[in-house]
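Biologist: I have a model open on my screen and would like to talk through the reasoning behind its labels. Could you take me through them?

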Amino acid sequence: MAFQGIQATKSYQQINNGTPDEVFPLLCPVREKDWIDGWDYTMIFSKSGLVEKGCVFSTPHHGKEPTIWYVTQHDPKHYKVEFVRITPKEEVVRIYIVLENNHNGSTTANITYEYTGLNDSKNKWIATELDKAFEKTMKGWEKAINHYLEYGEKLIE
């Protein structure tokens, strides 16, 4: 019998303590190094040197193999960005983020992740551990970005 991946979609809303114009530029592999403790990346392709549609970069920390990221949407005018990341033989993850201006100096970040398993082990993780891991990641991200927005430095934990 051929392998069949499973897929799960998770969404989360963060409140970021900055305007969309302050938050959106931070959703970039280069700028994430400013506010995410332990973040590392290798830029593979970018005309501007920053995130943009068609940008490709890799990260070493999502699986056994480097994870390849491809930016499928980047719309600074409407504060929308979409990444597809592929960790070979493990998973494909689509990440879609839309920022909403709360008109009080804060932003609601609407974040959706769609996970697809590429092996039995990842299928099991999606089915049994994803919910807890996703919530922990989203809360950690929210805390880190808000710390950066308030203090201008990375939160080290």
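Modeller: What follows is a conversation about the labels used for this predicted model and the values behind them.

Biologist: Let's begin with the whole chain. How many helices and strands does the protein chain have, and what pattern do they follow?

Modeller: There are four helices and seven strands in the protein chain. Along the sequence they come in the pattern β-α-α-β-β-β-β-β-β-α-α.

Biologist: Why is the protein chain called as compact as a globular protein of its length?

Modeller: Its radius of gyration is 16 Å, and the globule rule gives 15 Å for 157 residues. Those two values are close, so the chain counts as compact as a globular protein of that length. As for its extent, the C-alpha trace spans about 55 × 35 × 30 Å along the principal axes.

Biologist: What share of the residues is buried, and what does the exposed area consist of?

Modeller: Buried residues account for 40% of the 157 residues. The chain exposes about 8900 Å², with 52% of that supplied by carbon and sulfur atoms. On contacts, taking those between residues at least 6 apart in sequence, 48% join residues at least 24 apart.

Biologist: Now single residues. Why is Thr67 called buried?

Modeller: Buried means under 20% relative accessible area. Thr67 has 0%, so Thr67 is buried. You will find Thr67 in strand 4, which covers residues 67-75.

Biologist: Which residues are in contact with Thr67, leaving aside its neighbours within four places in sequence?

Modeller: They are Phe57, Ser58, Thr59, His62, Arg85, Ile86 and Thr87.

Biologist: And what makes Ile145 buried?

Modeller: The reasoning runs the same way: the relative accessible area of Ile145 is 0%, and the limit is under 20%, so Ile145 counts as buried. Ile145 lies in helix 4. Beyond its neighbours within four places, Ile145 is in contact with Gln14, Asn16, Val23, Leu26 and Trp35.

Biologist: How far apart are the C-alpha atoms of Ile145 and Ile36?

Modeller: They are separated by 7.6 Å, with these positions 109 residues apart along the chain.

Biologist: Turning to the surface, how do you know that Ser121 counts as exposed?

Modeller: Exposed means over 50%. Ser121 has 56% relative accessibility, so Ser121 counts as exposed. This serine belongs to helix 3, and its C-alpha atom is 31 Å from that of Ile156, 35 residues away along the chain.

Biologist: Why is Lys89 called exposed?

Modeller: The relative accessible area of Lys89 is 69%, and the cut-off is over 50%, so Lys89 is exposed. Lys89 sits in the loop between strand 5 and strand 6. Its phi is positive, about 65°, although Lys89 is not a glycine.

Biologist: Where is Tyr79, and what is its phi?

Modeller: Tyr79 is in the loop between strand 4 and strand 5. Its phi is near 55°, a positive value in a residue other than glycine.

Biologist: What makes Asn102 partly exposed?

Modeller: Partly exposed is the range between the 20% and 50% limits. Asn102 has 27% relative accessibility, so Asn102 belongs in that class. It is located in the loop between strand 6 and strand 7, and, apart from neighbours within four places, Asn102 is in contact with Ile15, Thr107 and Thr108.

Biologist: And why is Pro25 called partly exposed?

Modeller: Pro25 has a relative accessible area of 36%, which is between the limits of 20% and 50%, so the label is partly exposed. Pro25 lies in the loop between helix 1 (20-23) and helix 2. Leaving out neighbours within four places, Pro25 is in contact with Pro20 and Arg31.

Biologist: Last, the largest pocket. What is its volume, and which residues lie nearest its centre?

Modeller: The volume is about 870 Å³. The pocket is lined by 31 residues, and Ile36, His62, Tyr113, Thr137 and Trp141 lie nearest its centre. Elements giving two or more residues to the lining include strand 7 (107-117) and helix 3 (120-128).

Biologist: Which element gives the largest share of that lining, and how does the lining divide by class?

Modeller: Helix 4 gives the largest share, nine residues. By class, the lining has 18 nonpolar, five polar and eight charged residues.

Methods
Residues are numbered from 1 along each chain as its sequence is written. This is a predicted model: local features need pLDDT of at least 70, side-chain atom pairs count only at pLDDT 80 or more; totals for chains, interfaces and linings use all residues. Side-chain values use heavy atoms; hydrogens and water are left out. On a 1 Å grid over the protein atoms alone, a cavity is a set of points where a 1.4 Å probe fits but cannot get out, and a pocket is an open set with protein on both sides within 12 Å along at least five of seven lines; lining residues have an atom within 4 Å of a point. Grid points are joined across faces, edges and corners, and a volume is the space filled by probe spheres set on the points. Ala, Val, Leu, Ile, Met, Phe, Trp, Tyr, Cys and Pro count as nonpolar, Asp, Glu, Lys and Arg as charged, and the others, Gly among them, as polar. Buried means under 20% relative accessible area, exposed over 50%, partly exposed in between (1.4 Å probe, protein chains only). Contact means heavy atoms within 4.5 Å. The radius of gyration is taken over C-alpha atoms; the globule rule is 2.2 Å times the number of residues to the power 0.38. Accessible areas come from the Shrake-Rupley method with a 1.4 Å probe; for residues, only the protein chains shown count as cover.
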